[in-house]
Amino acid sequence: MERSLDIILDLCFGSCGKGLIGGYLATKHKYDFAIESYGVQAGHTVIKQDGTKYVFQQLPQALINDSTKLYIGAGAVIDLVQLENEVDQYLGGKEKAKGRLFIHPRASVIQQTHRDWEKENIRSGSTFKGVGAASAFKVMRHPDHKLMHDIREWSNILADTAEMACDDLEQGKTGILEIAQGFELGINHGFQYPYCTSRECSPMQGLSDNGIPPKHIRDIYGVIRTYPIRISNEMAKSDGGEAYSGDGGKEITWEEVEQRAGAAIGTFSSKELTTVTKKLRRVFEIDVNRIKRAVKLTGVNKLAVNFIQYINYDDAGITQYDQLSEKSKQYIEMMERETGIPVVLIGTGPRNDQVIDRSI
């Protein structure tokens, strides 16, 4: 049996552009299925060549390939309003989604009590979407906690997505497992506790959350960005309080990144707002030792480097490696040398066609 499951994850603190790379891979490989266990604290943006923009918080980003079945696993934490909005916008509603979208009955459902609890109790970086509290309530088997099997209006879309994915893989079909957020945000093995998310952001966690054994793994794509980011220090909270989001190496300014790349001031910072909270991201120097550690702990065998235009803005939109500037090539070579992992994909812009694919 050939291995046919690819995994994609962010090796930094999120916002590395998994949407770009995941969208490119979905278009290239036309996977038979995509599976994930997202929460609404993270967003994934895919922009097609024609400029059509998709923003996902609950649905798999491989949705852009019309033939790909969509599985939401048992580890997902679902905001019913957000889910319905995405299903209406991208799948034409629940009735049309039947037969393509399948949700595990044990996925958690966020309630207002979860959001309220987070706003009252969390003082470290958080989006306050209720994901962490909902996950904790599920672990505690709280009597008021709801799972998707308690939501009657979604009953026609519920299915054992773990068994479905495993059956697909046993039959030789291809799939992609999408991991949300970033490895360095992981609660156990990430960079900094308590400035972290409510679970691990790793292939192992993703496999467990979605019920898939590791024997099916083909490739693990680790996505990094040339300058890692973190969310802003001050979070939007009802009581006006602050929630510090932690560190991440040497912090610099967007103006410094723009000057280094030869871009006009404001070129990057005007676009660097988080998908979910719309906060200006903080920016840091890359810590190669942290990338090496992430590679070691995740089993990544292929790297994707995004935002190469932040090294040299002249490289924006380029799609051939031999056309890259020497400055950008030196960055890619350094990353390969330090990690021992080939850089197979390089993002040069926000659209799916603005990717250098060194594997073809």
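This passage describes a three-stranded sheet and a set of annotated positions in a predicted model.

The sheet is open, with its three strands in the order β6-β8-β9 and with mixed pairing. Its edges are formed by β6 (77-78) and β9 (146-147), each of which pairs on one side only. Strand β6 runs parallel to β8 (residues 108-109), to which it is joined by two bridges, and within this pair Val77 of β6 stands opposite Ser108 in β8.

According to UniProt, in an unreviewed entry, the feature "binding site" is placed at Thr127, Arg141, Gln181, Thr197 and Lys279. These positions span 153 residues of sequence and are also spread in space, with up to 33.7 Å between C-alpha atoms. From this set, Gln181 is part of the lining of the largest cavity.

Two of the annotated residues, Gln181 and Thr197, lie in the loop between β10 and α7, where β10 comprises residues 175-178 and α7 residues 203-210. Gln181 has a relative accessible area of 11% and, because this value is under 20%, is classed as buried; Thr197, at 12% relative accessibility, likewise counts as buried. The side chains of Thr197 and Gln181 are joined by a polar contact of 3.0 Å. When residues up to four places away in sequence are left aside, Gln181 touches Asp10, Gly14, Lys18, Gln41, Ala42, His44, Thr197 and Cys201, while Thr197, with its neighbours within four places likewise excluded, is in contact with Gln41, Gln181, Leu185, Gly186 and Ile187. Gln41 thus appears among the contacts of both Gln181 and Thr197.

Technical notes. Residues are numbered from 1 along each chain as its sequence is written. This is a predicted model: local features need pLDDT of at least 70, side-chain atom pairs count only at pLDDT 80 or more; totals for chains, interfaces and linings use all residues. Side-chain values use heavy atoms; hydrogens and water are left out. Two strands pair if DSSP finds at least two bridges between them. Helices (H or I, at least four residues) and strands (E, at least two) are DSSP runs, numbered from the N terminus. UniProt positions are given in the numbering used here, feature names are shortened, and annotations may be inferred rather than shown by experiment. On a 1 Å grid over the protein atoms alone, a cavity is a set of points where a 1.4 Å probe fits but cannot get out, and a pocket is an open set with protein on both sides within 12 Å along at least five of seven lines; lining residues have an atom within 4 Å of a point. Buried means under 20% relative accessible area, exposed over 50%, partly exposed in between (1.4 Å probe, protein chains only). Contact means heavy atoms within 4.5 Å. A polar contact is a pair of N or O atoms within 3.5 Å; within protein, one must be able to donate a hydrogen and the other to accept it, and residues adjacent in sequence count only if both atoms are side-chain atoms.
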